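Good morning, colleagues. Please take a moment to look at the sequence and the structure before I begin.

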Amino acid sequence: MKKKEFLEKMAGMDSAGLHQELHAKADEILKLRIRHASNQLETPHRIRAERKNYARILTLKNQKTDSTK
């Protein structure tokens with residue numbers, strides 16, 4: 001998914017949805033790292049891309065909590 005599409009999708013979510021998405025991304029990153037360690041991952045650049053998406057979600061979540069204060 002492209003960066004712009006990803007951000008538009010995530011911006012429409014509430015903080016509870018973002019929290020769930022954070023946990024899902026963390027699980028996915030863990031699974032990718034395990035597969036990479038056992039040489040089963042064909043595209044190791046996905047780990048970096050998912051880490052960036054995790055950071056983007058975290059940033060959106062923090063922006064939403066800051067704006068509600």
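I shall go from the overall fold to the helix contacts, and then to individual residues.

Please keep in mind that this is a predicted model. The protein contains three helices and zero strands, and from the N terminus on its elements run α-α-α. Along the principal axes, the C-alpha trace spans about 45 × 20 × 15 Å. Of the 69 residues in the protein, 23% are buried. Among the contacts with a separation of 6 or more, 61% are between residues 24 or more positions apart.

Let me turn to the core. Which residues form the largest nonpolar core? There are six: Phe 6, Met 10, Leu 18, Leu 22, Ile 57 and Leu 60. Helix 1 (3–11), helix 2 (15–37) and helix 3 (45–67) are the elements that give two or more residues to this core. Leu 22, one of the core residues, is in contact with Tyr 54, Ile 57, Leu 58 and Lys 61, if its neighbours within four places in sequence are left aside.

The next topic is the packing of the helices. Two packed helices are described by the angle between their axes and the distance between the axes. At what angle do helix 2 and helix 3 pack? The angle is about 160°, and the axes are 9 Å apart. Because the cut-off for roughly antiparallel is an angle over 145 degrees, helix 2 counts as roughly antiparallel to helix 3. The crossing of these two helices is left-handed. By class, the residues of the contact of helix 2 with helix 3 comprise 10 nonpolar, four polar and nine charged.

As for who takes part, the helix 2 side includes Ser 15, Leu 18, His 19, Glu 21 and Leu 22, and extends along the list to Leu 32, Arg 33 and His 36. On the helix 3 side, the participants include Arg 46, Ile 47, Glu 50, Tyr 54, Ile 57, Leu 60 and Lys 64.

Helix 1 and helix 3 form another pair, packing at an angle of about 35° with their axes 11 Å apart. Their crossing is right-handed. From helix 1, Lys 3, Phe 6, Leu 7, Met 10 and Ala 11 meet Asn 53, Arg 56, Ile 57, Leu 60 and Lys 64 of helix 3. That contact has six nonpolar, one polar and three charged residues. Phe 6 and Met 10 on the helix 1 side, and Ile 57 and Leu 60 on the helix 3 side, take part in this contact and also belong to the largest nonpolar core.

I now come to single residues, beginning with Glu 21 in helix 2. Is Glu 21 buried or exposed? With a relative accessibility of 19%, Glu 21 counts as buried, because the cut-off is under 20%. Leaving aside neighbours within four places in sequence, Glu 21 is in contact with Met 10, Met 13 and Ile 57. Glu 21 and Arg 35 are 14 residues apart along the chain, and their C-alpha atoms are separated by 21 Å.

In helix 3 we find Tyr 54, which is partly exposed at 30% relative accessibility. Not counting residues up to four places away in sequence, Tyr 54 touches Leu 22, Lys 25, Ala 26 and Ile 29. From Tyr 54 to Thr 68, 14 residues apart in sequence, the C-alpha to C-alpha distance is 22 Å. Ala 55 is likewise placed in helix 3, and at 37% relative accessibility Ala 55 counts as partly exposed. Ala 55 and Leu 22 are 33 residues apart in sequence, and 8.9 Å apart in space, C-alpha to C-alpha.

Finally, consider the loop between helix 2 and helix 3, where Asn 39 lies. Most residues other than glycine have a negative phi. Asn 39, although not a glycine, has a positive phi of about 60°. Asn 39 is exposed, because its relative accessible area of 71% is over the 50% cut-off. Pro 44 lies in that loop between helix 2 and helix 3 as well, and Pro 44 counts as partly exposed at 40% relative accessibility. The C-alpha atoms of Pro 44 and Leu 32 are separated by 8.0 Å, with the two residues 12 apart along the chain.

To close, I return to the core: helix 1, helix 2 and helix 3 each give two or more residues to it. Thank you for your attention.

Key. Residues numbered from 1 in each chain as written. Predicted model: local features only at pLDDT ≥ 70, side-chain atom pairs only at ≥ 80, totals over all residues. Heavy atoms only, no water. Core = buried A, V, L, I, M, F, W, Y, C linked by side-chain atoms within 4.5 Å. Buried < 20%, exposed > 50% of the residue type's maximum accessible area, 1.4 Å probe, protein only. Helix = DSSP H or I, 4+ residues; strand = E, 2+ residues; numbered from the N terminus. Contact = heavy atoms within 4.5 Å. Axes fitted to C-alpha atoms, helices over the stretch in contact; angles between N-to-C directions. Parallel < 35°, antiparallel > 145°, perpendicular 65-115°, else oblique. Left-handed = near helix turned anticlockwise from the far one by under 90°. Nonpolar A, V, L, I, M, F, W, Y, C, P; charged D, E, K, R; others polar.
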